[in-house]
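Here's a quick walk through one model, a few spots at a time. Have the sequence and the 3D view open as you read.

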Amino acid sequence: MNYEDKIARQVAAIPRSGIRDFFELVQGRDDVISLGVGEPDFATPWGIREAAIYSLEKGQTSYTSNLGLPALRRSIARYVEGLFGVGYDPAGEVLVTVGVSEAIDLALRALLNPGDEVIYHEPCYVSYSPSITMAYGTGVAVETKKSDGFSLKPEALAAAITPKSRVLMLNFPTNPTGATASRADLEGIAKLCIEHDLIVLSDEIYCELRYDEEDHLSIASLPGMRERTVLLHGFSKAFAMTGFRLGYACAPQPVIEAMMKIHQYSMLCAPIMSQMAAIEALERGLAEVERMRQSYQQRRDFVVRRLKGMGIDCHSPGGAFYVFPDIRKTGLDSKGFAMQLLEEESVAAVPGTAFGPSGEGFLRCCYATAFEDLKTAMERMEAFVGRLG
Ligand code: PLP
């Protein structure tokens with residue numbers, strides 16, 4: 001059978017994840033140190049794991065409310081209010097999802113009509129552009145620059161807005177650059193969103209993992225923005241719970257209701273044992289988050305120092321657990337650098353182009369890797385860069 005005309009056009013049109021393609025090359029090679037996969041190297045803190053085990057022991061193996069367990073939604077609303085200073089009603093303004101991944105998909109599908117434009121800043125998380133396409137939207141990438149610390153500048157956003165613009169996606173701290181957003185920039189962005197009646201999807205999945213002085217500021221907390229923001233957050237990164245597949249969206253009730261309709265027919269609910277574990281995470285897991293954050297901070301400082309020491313230009317990212325060094329001076333492009341580093345020194349890092357064309361000339365290194373491995377990876381990278389001259 002010819003399957004080419006059997007696959008939906010918008011699915012055939014999207015590329016496979018560049019990260020995945022690259023990491024298939026690494027499969028089965030024990031000698032490789034991977035700075036590739038964007039997930040914590042910590043196992044989920046024991047108390048959280050125990051809550052999941054206990055929920056199974058108690059025989060909690062059922063569906064939950066489509067929105068998520070009421071107790072979890074109450075914990076989320078309390079946590080979000082404490083962290084972001086924005087209040088949400090757990091009865092109808094919080095939706096528990098299968099990871100932030102599902103929340104992104106639901107929000108786009110709930111908000112877009114075919115052909116609506118969605119603006120996002122790039123380099124960005126690999127799922128944004130394909131998720132927009134699969135929701136029949138048109139993605140509009142705005143390049144962020146190293147000279148701006150990869151933050152989105154209001155002027156750049158203003159230039160991308162058209163009468164078709166409907167949604168703006170934000171992700172601070174950013175995967176892959178670790179960028180954070182200043183209050184002034186967020187205020188400028190908020191002003192434009194209000195002027196042009198845009199809805200903001202704010203993916204703040206890395207917000208606990210910040211390393212410099214200033215507090216995290218959510219755009220939802222700025223005047224006039226709560227009503228036009230869908231705040232996305234989850235447990236994968238700060239709580240080291242990637243395998244639990246749990247995230248959530250907070251937004252005004254009509255938006256949550258629309259997202260819930262898709263969720264109830266496509267997913268039904270998030271797994272109950274993950275939800276029980278998440279309650280434990282929010283109620284008693286924060287000391288562990290802080291311990292992990294400090295460990296990432298030490299590793300960030302080490303990696304940035306070592307990269308600079310070998311003559312590679314690298315800004316010090318304010319959040320997440322990635323560095324995004326500029327490798328243009330080496331004369332190699334992103335893919336060439338990553339492939340050669342893998343072949344010659346058995347160190348795997350992701351070419352910046354996996355995060356959109358504006359990642360050309362950069363490399364994403366995830367430093368959520370054992371310290372000893374990071375040290376060896378930096379030694380190997382130094383040898384490699386030294387040979388390039
Ligand atoms: N958003 C960003 C910016 C991410 O980096 C990731 C995972 O890497 C996700 C969302 C997906 O997270 P989850 O595991 O909650 O689906």
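A polar contact here is a pair of N or O atoms within 3.5 Å; within protein, one must be able to donate a hydrogen and the other to accept it. Keep in mind that this is a predicted model.

## Histidine 233

Let's put that definition to use. A polar atom of the histidine 233 side chain sits 3.3 Å from the backbone oxygen of glutamate 204. Histidine 233 itself belongs to strand E7, residues 229-234.

Is histidine 233 buried or exposed? With a relative accessibility of 1%, histidine 233 counts as buried, because the cut-off for buried is under 20%. Setting aside residues up to four places away in sequence, its contacts include Tyr79, Leu83, Phe84 and Val100. Glu204 is on that contact list too, along with Ile205, Cys207, Glu208, Gly247 and Tyr248.

## Helix H12

Helix H12 takes in residues 334-345, 12 residues in total. From first C-alpha to last it reaches 16 Å, close to the 16 Å expected at 1.5 Å a residue. Just after H12 comes serine 346, with a positive phi near 55°.

Which residues of H12 are buried? They are Ser334, Phe337, Ala338, Leu341, Leu342 and Glu345. These buried residues cover an arc of only 125° around the axis, so they lie on the same side of H12. The general background is handy: an α-helix has 3.6 residues a turn, so residues three or four places apart point the same way. Turn H12 around, and the face away from its buried side carries the exposed residues Lys335 and Glu343. As for what covers the buried residues, the list includes helix H2 (18-24), strand E10 (347-348), E11, E12 and helix H13 (371-388).

## Glutamate 360 and serine 334

Glutamate 360 is in the loop between strand E11 (350-351) and strand E12 (363-366). Its relative accessible area is 36%, which means it is partly exposed. Beyond its neighbours within four places in sequence, glutamate 360 contacts Asp333, Ser334 and Thr353.

Serine 334, one of the buried residues of H12, deserves a second look. In sequence, serine 334 and glutamate 360 are 26 residues apart, yet their C-alpha atoms are 5.7 Å apart in space. A polar atom of the glutamate 360 side chain lies 2.8 Å from the backbone nitrogen of serine 334.

## The three-stranded sheet

The strands on either side of that loop, E11 and E12, also turn up in an open sheet of 3 strands, ordered E9-E12-E11 with antiparallel pairing. Strand E9 (322-323) and E11 are the edge strands, each pairing on one side only. E9 and E12 run antiparallel and are joined by 2 bridges. Across from tyrosine 322 you'll find cysteine 366 in E12.

## Aromatic pairs

How many aromatic pairs does the structure hold? There are 14 of them. One is tyrosine 125 with tyrosine 128: the ring centres are 5.8 Å apart and the planes at 85°, so the pair is edge-to-face. Tyrosine 125 is partly exposed, with a relative accessible area of 27%, whereas tyrosine 128 is buried at 1%.

Phenylalanine 321 and tyrosine 322 also form an edge-to-face pair, 5.2 Å centre to centre with 70° between the planes. Both phenylalanine 321 and tyrosine 322 are buried. They belong to one aromatic cluster together with Phe42, Tyr206 and Tyr296.

Terms used
Residues are numbered from 1 along each chain as its sequence is written. This is a predicted model: local features need pLDDT of at least 70, side-chain atom pairs count only at pLDDT 80 or more; totals for chains, interfaces and linings use all residues. Side-chain values use heavy atoms; hydrogens and water are left out. Helices (H or I, at least four residues) and strands (E, at least two) are DSSP runs, numbered from the N terminus. Buried means under 20% relative accessible area, exposed over 50%, partly exposed in between (1.4 Å probe, protein chains only). Contact means heavy atoms within 4.5 Å. Two strands pair if DSSP finds at least two bridges between them. The expected span of a helix is 1.5 Å times one less than its number of residues. The arc is that of the directions from the helix axis to the C-beta atoms. Rings of Phe, Tyr and Trp (its six-membered ring) pair if their centres lie within 6.5 Å; planes under 30 degrees apart count as stacked, over 60 as edge-to-face and the rest as tilted.
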